[in-house]
Every structure is written in structure tokens, then in C-alpha cells.
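Here's a quick tour of the pockets in this structure and of the ligand that comes with it. Have a look at the model, then read on.

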Amino acid sequence: MLFGKTIVVTGVASGIGARTAELAGQLGADVIGIDVREPSQGIASFIKGDISNAAGVADIVRQLPRRVDALANVAGLSGSTGIAATLAVNFYGLRALSQVVAPHLREGGAIVNVASIAGYGWRANLERAKTLTAIEGFPDVAAVAAEHGLKNEEGYPLSKELLLLWTMQAAHQPLFRDRGIRVNAISPGPVETPILKQFRAVLGDERVDSDITRVGRAGTSADIAPAILFLCSDGARWVSGANLPVDGGLEASINADVLGF
Ligand SMILES: NC(=O)c1ccc[n+]([C@@H]2O[C@H](COP(=O)([O-])OP(=O)(O)OC[C@H]3O[C@@H](n4cnc5c(N)ncnc54)[C@H](O)[C@@H]3O)[C@@H](O)[C@H]2O)c1
């Protein structure tokens with residue numbers, strides 16, 4: 001389903017992005033990898049780029065071919081570097097990249113956003129999430145954080161809340177919908193990658209270990225990549241605006257507890 005397709009993957013220097021790029025190549029896709037760091041593994045086509053600011057996004061897009069089939073937005077920060085950087089990469093930069101890549105996507109192409117189970121609080125924080133996603137373009141994120149009194153420790157979950165909300169919204173926006181471009185998200189639970197160590201520092205071992213214990217083990221990048229690529233493929237042609245949990249059953253287990261069954 002990916003043979004001959006051109007797939008752009010961000011965050012290819014590590015973890016989930018690296019495995020997604022590798023698997024896409026094994027499945028016959030031409031992969032264009034993007035990261036702020038040089039990947040250690042070979043990637044046929046690599047663009048060194050930074051999605052944390054508007055100039056970085058513009059620079060990346062200048063280097064893309066005229067036509068691509070899918071964009072996998074995998075790059076992300078843990079929150080340990082502060083709320084402004086986290087919101088800039090995980091949400092505003094991701095969204096800006098998606099918007100400028102849209103004209104390069106073929107009709108019926110796809111965007112897949114790597115969100116997180118950490119973003120499921122969007123319903124409880126709906127008004128805040130609506131206000132922050134309604135800010136257009138690439139704002140001065142530090143100023144946005146100051147204006148809305150956002151705290152550093154909220155950065156990671158908030159960035160994923162915004163991303164989940166925007167995924168649903170974008171699926172219906174003319175920029176994407178009018179050309180049949182599907183926009184979906186996946187939400188991993190804890191996955192053994194370098195970022196997990198940072199989550200332990202930010203969230204505490206207890207929280208991370210309790211999630212891992214619920215489902216028996218942490219995920220691996222190899223558990224997540226196939227789900228991203230399914231949503232990139234034509235096999236998911238009737239899936240849009242969805243969030244697919246890829247968490248070994250973690251969300252279902254928490255829901256069962258919360259709902260009492
Ligand atoms: N690992 C987990 O437990 C877990 C759980 C849920 C969601 N996620 C999400 O999965 C995605 C991938 O995370 P991972 O686990 O592979 O982490 P990782 O730290 O291994 O990889 C993240 C990659 O993003 C790149 N990146 C960071 N800032 C960038 C920027 N400004 N421009 C371009 N690239 C940048 C990094 O250089 C790195 O290669 C992230 O969005 C993360 O939030 C991870």
C-alpha cells in the first residue's frame with residue numbers, strides 16, 4: 001500500500017520517527033526525513049530542519065518535492081525544555097508545517113499526527129484548547145503562554161490536547177478536505193525511546209510505571225510505526241479526523257476504571 005509513495009516523516013533522528021522511516025522504506029516508499037538533528041542511520045533523503053519557528057518551517061518546505069503522498073508528523077518534545085518550546089514544536093510548528101505541505105500533497109493524500117494519551121484531557125479543558133487552537137499562523141509562543149498564564153508542567157499534555165482538537169478540526173477544513181486530504185492522529189502510551197526518560201523526570205516514575213504495569217510492558221517504536229503507516233496508506237482511505245490509540249489497551253483499561261465496569 002506504500003509502494004512508490006513519497007512519505008515525509010519528521011523526527012527521523014530518533015525513536016518512533018526513525019522506525020517509521022525505516023519501515024516505510026522497507027515497504028517500498030520513498031522517504032524524506034526531517035529532523036533538527038542528523039540521524040545516525042542512513043536515510044535516502046534527509047532535510048535538516050527545525051519546525052520550532054516559522055523560518056525553519058519555510059526552509060523545510062522549500063526543499064520538498066512538488067508532490068508528496070503523506071506527511072507523518074512525529075517530531076516532538078517532552079516538555080522538559082519549557083512550555084514555549086514544547087508548544088512551538090508539538091503544536092504550532094507541526095500545524096504550520098502541515099498547512100504549508102498541504103499544497104504539495106496529492107489529492108487523497110494523508111497527514112498523520114503523533115499525539116499522546118497525555119492529550120486526552122482536551123474535553124475537560126475544552127475552552128482553553130479552543131482558544132489556543134484558534135490562534136492562527138505561528139504565534140510568539142512565549143507571549144501566548146504568558147498571556148494565558150500557562151505553566152511549564154502543562155506544556156506537554158496541553159500541546160497534545162491542542163493537537164487532538166486540531167486533528168478533528170483540520171479534517172473538515174477546506175485546505176485539506178477539498179482535496180481529499182485525510183488528517184488523523186495516533187496516541188501512543190509509554191514507548192521505550194529516549195523521550196521516555198524525560199517523561200519520567202517530568203511526570204515521575206510512579207505515573208509512567210503505573211501506565212506500563214496496566215498493560216504489561218512499554219511499547220516500542222516498532223509497535224507504533226505500522227499504525228502511522230496504515231493511516232498514511234490508501235488502506236485508510238475512509239478514515240479521517242480520527243484518533244487511534246496505540247497503547248496496548250491502556251486507554252480502554254483507564255476508561256473501564258473511570259466508568260466503573
Ligand atoms: N515515547 C513515548 O513514550 C511517547 C508517548 C506518546 C507520544 N509520543 C510522541 O511520539 C513522538 C516521537 O517521540 P519519540 O518517542 O520518538 O521521541 P524521541 O525523543 O526519540 O524523538 C523525537 C525526535 O523529534 C526531533 N525533534 C525535536 N524537536 C524538533 C524540531 N524543532 N524540529 C525537528 N525535529 C525535532 C528530535 O530531534 C528527535 O529526533 C513525539 O511527538 C512524542 O510526543 C511518545
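## The largest pocket

Helix 8 gives six residues to the lining of the largest pocket, the largest share of any. Keep in mind that we're looking at a predicted model here. As for room, the largest pocket has a volume of about 940 Å³. It is lined by 44 residues, and Val74, Gly76, Leu77, Ser78 and Ile195 are the closest to its centre. Helix 8 has company, too: helix 1, strand 2 (30-35), helix 6 and helix 9 (205-215) also give two or more residues to this lining.

What classes of residue make up the lining of the largest pocket? There are 23 nonpolar, 15 polar and six charged residues.

## Where the ligand goes

The ligand sits in the largest pocket. There are 31 residues around the ligand, and the ones that come nearest are Ser14, Asp35, Tyr156, Val191 and Thr193.

Which elements supply at least two residues of the shell around the ligand? They are helix 1 (15-26), helix 6 (155-170) and helix 8 (194-203). Helix 8 turns up again with the largest share of this shell, namely four residues. Sorted by class, the shell around the ligand has 18 nonpolar residues, nine polar ones and four charged ones.

## Contacts with ligand oxygens

Now for the polar atoms. Ser14 brings a polar side-chain atom to 2.5 Å from an oxygen atom of the ligand. Arg37 also uses its side chain, with a polar atom lying 3.1 Å from a ligand oxygen. Val191 works through its backbone instead: one of its backbone N or O atoms is 2.8 Å from an oxygen atom of the ligand. On its own the ligand would expose 830 Å², and the protein buries 95% of that.

## The second largest pocket

There's another pocket to check out. The second largest pocket holds about 250 Å³ of space. Its lining consists of Tyr120, Trp122, Arg123, Leu164, Met168, Gly241, Ala242, Asn243, Pro245, Glu251 and Asn255. Two or more of these residues come from each of helix 6, strand 7 (243-246) and helix 11 (250-259).

By class, that lining splits into six nonpolar, three polar and two charged residues. Helix 6 is worth tracing by eye: it is among the elements giving two or more residues to the lining of the largest pocket, and it does likewise for the second largest pocket.

Methods: Residues are numbered from 1 along each chain as its sequence is written. This is a predicted model: local features need pLDDT of at least 70, side-chain atom pairs count only at pLDDT 80 or more; totals for chains, interfaces and linings use all residues. Side-chain values use heavy atoms; hydrogens and water are left out. A residue is near a molecule or strand if one of its heavy atoms lies within 4 Å of it. A polar contact is a pair of N or O atoms within 3.5 Å; within protein, one must be able to donate a hydrogen and the other to accept it, and residues adjacent in sequence count only if both atoms are side-chain atoms. Accessible areas come from the Shrake-Rupley method with a 1.4 Å probe; for residues, only the protein chains shown count as cover. On a 1 Å grid over the protein atoms alone, a cavity is a set of points where a 1.4 Å probe fits but cannot get out, and a pocket is an open set with protein on both sides within 12 Å along at least five of seven lines; lining residues have an atom within 4 Å of a point. A molecule sits in a cavity or pocket if more than half of its atoms lie within 2 Å of its grid points. Ala, Val, Leu, Ile, Met, Phe, Trp, Tyr, Cys and Pro count as nonpolar, Asp, Glu, Lys and Arg as charged, and the others, Gly among them, as polar. Grid points are joined across faces, edges and corners, and a volume is the space filled by probe spheres set on the points.
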